[in-house]
Amino acid sequence: MLGVIIALLVIITILIITNIRIVPQSQAVVIERLGAYHKTWNVGLHVKMPFIDRMCNKMSLKEKVFDFPPQPVITKDNVTMMIDTVVYFQITDPKLYTYGVEKPINALENLSATTLRNIIGELELDESLTSRDVINTKMRAILDEATDPWGIKVNRVEVKNIEPPQAIREAMEKQMKAERERREQILIAEGHKQSAILEAEGKKQSMILEAEAQKESAIQKAMGEAEAIREVQKAKAEGLKMLKDAGMDDKVIKLRSLEAFEQAANGQATKIIIPSDIQNLAGVVSSITEISKGK
């Protein structure tokens, strides 16, 4: 009898030990009791009833990233292109995630594809290529609202790649090439224009500087000539002052003038005009000379 009791205790202990579970951080476990939802285990130590409770679903509560394969979509102007999206989501309610929809990831992928087709169908090709932020915002709002009953929260949606048809890509490349060539020509023309403007400005500044230099040279030359004239006049004035201080009167000065005309008469001049005062002075000189001879 004792052995049976010990055996039962061992069996019960083993059953208890084998039904002890530790739920780590950022994980959750959905427990069913007799086939019905019982509770959700969060982080910590838990014990389930043997043969009655069952771990229905174990899941991670971390944010997940799913890169869905490219989907064919048609734009408003009937252009078919391939677009693939990346969806960032996390489980917020383990119970709804377990019982809300069959295969939640597949459901989210299909919902993402249909939503993307609806949004792109309202846009033209150029708008779809340049409106990624608008597409991302609309998709996130629609997916987040649609996945609430599934216990999923969509945090972000990103359009990863947009691939237009080959013909469209070639046309876009030609257009971009033509645009780049046009911009290049504009830049070259602007460069020539700026070069011509700078050259003209340089010539203008050169002419202005040359005119300023000529003006300064003329001013300096005139100032030099004026200074020379002042020096000559100053010398003459000093000479006259010296003669006056030496007691030389008008007769001496006239005599000196007569001597100057005498020297001029010895030259090659054919005509000499003698002022009247010098003629009178010459008569006086002749009279003096005759008187001197008589003596």
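Which elements each supply at least two residues of the nonpolar patch? Keep that question in mind while you look at the structure above, and please remember throughout that this is a predicted model.

The answer is that helix α1, residues 2-18, strand β1, residues 20-23, and strand β4, residues 44-47, each supply at least two residues of the patch. The residues that make this nonpolar surface patch are V4, L8, I11, I12, I16, I20, I22, L45 and V47, and together they give an area of about 860 Å². The largest share comes from α1, which contributes five residues. If you would like one residue to look at, take I12, which lies in helix α1 and is partly exposed, with a relative accessible area of 45%.

Let me move from the nonpolar patch to the charged side chains, where the count comes to nine salt bridges. I will go through three of them, beginning with the one between R54 and E32, whose closest N and O atoms are 2.6 Å apart. R54 lies in strand β5, residues 53-60, while E32 lies in strand β2, residues 27-33, so this pair ties together parts that are 22 residues apart in sequence. The two partners are covered to unlike degrees, since R54 is partly exposed at 46% relative accessible area, whereas E32, at 7%, counts as buried because the cut-off for buried is under 20%.

The second salt bridge joins the side chains of D67 and K160, with 2.7 Å from N to O. Here D67 belongs to strand β6, residues 64-67, and K160 to strand β9, residues 152-163, so the pair ties together parts that are 93 residues apart in sequence. Both ends can be placed on the same scale: D67 counts as partly exposed at 42% relative accessibility, and K160 is partly exposed as well, with a relative accessible area of 47%.

The third is the salt bridge between K153 and D144, in which the closest N and O atoms are 3.8 Å apart. K153 is partly exposed, at 36% relative accessible area, but D144, at 14%, counts as buried. This pair does not stand alone, for salt bridges that share partners join R140, D144 and K153 into one network.

Now please turn to the inside of the model, and to T85, which has its place in strand β8, residues 80-91. Is T85 buried or exposed? At 4% relative accessibility, T85 counts as buried, because this value falls under the 20% cut-off. Leaving aside residues up to four places away in sequence, T85 touches F66, D67, F68, S112, L116, M139, E158, V159 and K160, and you will recognise D67 and K160 as the partners of the second salt bridge. With S112 there is also a polar contact between the two side chains, at 3.5 Å.

S112 leads us to helix α3, residues 104-120, which has 17 residues and reaches 24 Å from its first C-alpha to its last, close to the 24 Å expected at 1.5 Å a residue. The buried residues in α3 are P104, A107, L108, L111, S112, A113, T115, L116, I119 and I120, and among them are S112 and L116, which T85 touches. What covers these buried residues includes strands β7, residues 71-74, β8 and β9, together with helices α2, residues 94-99, α4, residues 125-130, and α5, residues 132-146.

Technical notes: Residues numbered from 1 in each chain as written. Predicted model: local features only at pLDDT ≥ 70, side-chain atom pairs only at ≥ 80, totals over all residues. Heavy atoms only, no water. Helix = DSSP H or I, 4+ residues; strand = E, 2+ residues; numbered from the N terminus. Buried < 20%, exposed > 50% of the residue type's maximum accessible area, 1.4 Å probe, protein only. Polar contact = N/O pair within 3.5 Å; in protein donor to acceptor, adjacent residues only side chain to side chain. Contact = heavy atoms within 4.5 Å. Patch = residues over 30% accessible without salt bridge, like charges linked within 9 Å, V, L, I, M, F, W, Y side chains within 5 Å. Areas by Shrake-Rupley, 256 points an atom, 1.4 Å probe, with all protein chains shown as cover. Salt bridge = Lys/Arg side-chain N within 4 Å of Asp/Glu carboxyl O. Expected span 1.5 Å × (residues − 1).
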